[in-house]
Amino acid sequence: MKRFSFLMLVLLLLTSCSAGNSNSDEEKKQHVIGFSQIGAESSWRERNTESVLEAGKRADYKILYENANQSQAEQIKDVRSFIASRVDLIILTPIVETGWKHVLEEAADADIPVVINDRLISKEDSDLYKTFVGPDVPIQGIQTADFLKKKYKDAPAPINIVEIQGSKDASPAISRHDGLVEGLKDDPRFQLVASVHGDFMLSKGREAIKNVAKSQDLKQVDVIYCHNDDMADGVVSYLEETDIKPGKDVTICSVDGQQSAIDLLKAGKINCVIECDPNMGKKLFEVVTDVLDGKDVPKENYTTGRVFSEYSDLTKIDERGY
């Protein structure tokens, strides 16, 4: 009888341990995150993707990653795939501002929160996502304007600007334009004489300034404002085939802070680079964790950036890593 009682006690202990392990496994269940990226159009974008995936892995999330290759239709398809897979949360980097209403309503109906990363969607649909993590992009245009007002402090009017915008309807293209206009509105000397799209790509930036040269005498242009570094690289490469010296005969301003742009800044071929840090993964997943834990989060969670220019101590700029 005593032996039987002892065996029963052992069985009860084993059952208890098994139940404990089951509860532990339940606690360790990984959250699944769907991440829709717009593409890999630049080294900045590639580093941004790496940052998000690395941070997600460190935070022990399972990431379902999709690259839309610059197609909104593909992004919408990817988001619907995440919804069908019943992910716990969706991270969306939207290629353009508009056209997201229906798919985000589908995510809301499925009770799947959406975090917008890097680029914004239209304000009309802001109630369809939980929060935004990324740069305060209009500031980048204002910072560019501040640099130009300093550089041209005593210059006579007009000061002619050519703008090489990013992709049409993309939030950074809209906001970087609006920020520049806002920053220069109190100085009528500055005139925007041409504004064309270069789709955030080196080859398209080169093509854009080449097309501007067909209708504008570039020798009468004082400033070329590029919405990203790849397009600035394209502009510089084109100008170097002419008798116009980039950074000397014409001021070049850019946004992002890639190593290629910093190298051109140090070489005197670019005059100002506004940093847009792609390494936003850590902050992004801090916010994602708060959302999944049911905590209140701000609607906007801005990342920071610096200004590098011909007035900076360029010896103190570290290797960018992208």
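## Helix packing, hollows and two backbone oddities

The axes of helix α2 (residues 43-58) and helix α10 (residues 281-292) come within 8 Å of each other and cross at roughly 50°. Everything here comes from a predicted model, where local features need pLDDT of at least 70 and side-chain atom pairs count only at pLDDT 80 or more, while totals for chains, interfaces and linings use all residues. Residues are numbered from 1 along each chain as its sequence is written, and side-chain values use heavy atoms, with hydrogens and water left out.

A quick word on terms. Helices (H or I, at least four residues) and strands (E, at least two) are DSSP runs, numbered from the N terminus. Axes are lines fitted to C-alpha atoms, for helices over the stretch in contact, and angles run from 0 to 180 degrees between N-to-C directions.

**Helix pairs**

Back to α2 and α10: their angle makes them oblique to each other. (Angles under 35 degrees count as roughly parallel, over 145 as roughly antiparallel, 65 to 115 as roughly perpendicular and the rest as oblique.) The crossing of α2 past α10 is right-handed, meaning that the near helix is turned clockwise from the far one by less than a right angle; anticlockwise would be left-handed. On the α2 side, Ser 51, Val 52, Ala 55 and Gly 56 do the touching, and they meet Gly 281, Lys 282, Leu 284 and Phe 285 of α10. Contact here means heavy atoms within 4.5 Å.

Helix α7 (residues 202-215) and helix α8 (residues 229-239) have axes that come within 7 Å and cross at roughly 50°, which makes α7 oblique to α8. This crossing is right-handed. Among the residues in the contact are Leu 202, Ile 209 and Ala 213 of α7, with Met 231, Val 235 and Tyr 238 from α8.

With helix α3 (residues 72-84) and helix α4 (residues 101-109), the packing angle is about 10° and the axes are 10 Å apart. That makes α3 roughly parallel to α4. Ile 76, Val 79, Arg 80 and Ile 83 of α3 meet His 102, Val 103, Glu 106 and Ala 107 of α4.

Here is how the contacts break down by class. Ala, Val, Leu, Ile, Met, Phe, Trp, Tyr, Cys and Pro count as nonpolar, Asp, Glu, Lys and Arg as charged, and the others, Gly among them, as polar.

| Contact | Nonpolar | Polar | Charged |
|---|---|---|---|
| α2 with α10 | 4 residues | 3 residues | 1 residue |
| α7 with α8 | 6 residues | 3 residues | 4 residues |
| α3 with α4 | 5 residues | 1 residue | 2 residues |

**Pocket and cavity**

On a 1 Å grid over the protein atoms alone, a cavity is a set of points where a 1.4 Å probe fits but cannot get out, a pocket is an open set with protein on both sides within 12 Å along at least five of seven lines, and lining residues have an atom within 4 Å of a point. Grid points are joined across faces, edges and corners, and a volume is the space filled by probe spheres set on the points.

The largest pocket has a volume of about 370 Å³. It is lined by 22 residues, and the closest to its centre are Glu 97, Leu 120, Ile 121, Lys 123 and Ser 175. Helix α6 gives the most to this lining, with 5 residues. By class, the pocket lining has 10 nonpolar, 4 polar and 8 charged residues.

There is 1 cavity of 30 Å³ or more. The largest cavity has a volume of about 110 Å³, and of its 13 lining residues, Trp 44, Arg 45, Arg 176, Phe 200 and Asp 256 are the closest to the centre. Both α2 and α6 give two or more residues to the cavity lining, which divides into 5 nonpolar, 2 polar and 6 charged residues.

**Backbone oddities**

Most residues other than glycine have a negative phi, and most peptide bonds are trans. Arg 86 has a positive phi, near 60°, and is found in the loop between α3 and β3 (89-92). The peptide bond from Ala 157 to Pro 158 is cis, with omega near -5°; Pro 158 is in the loop between α5 and β6 (159-165).
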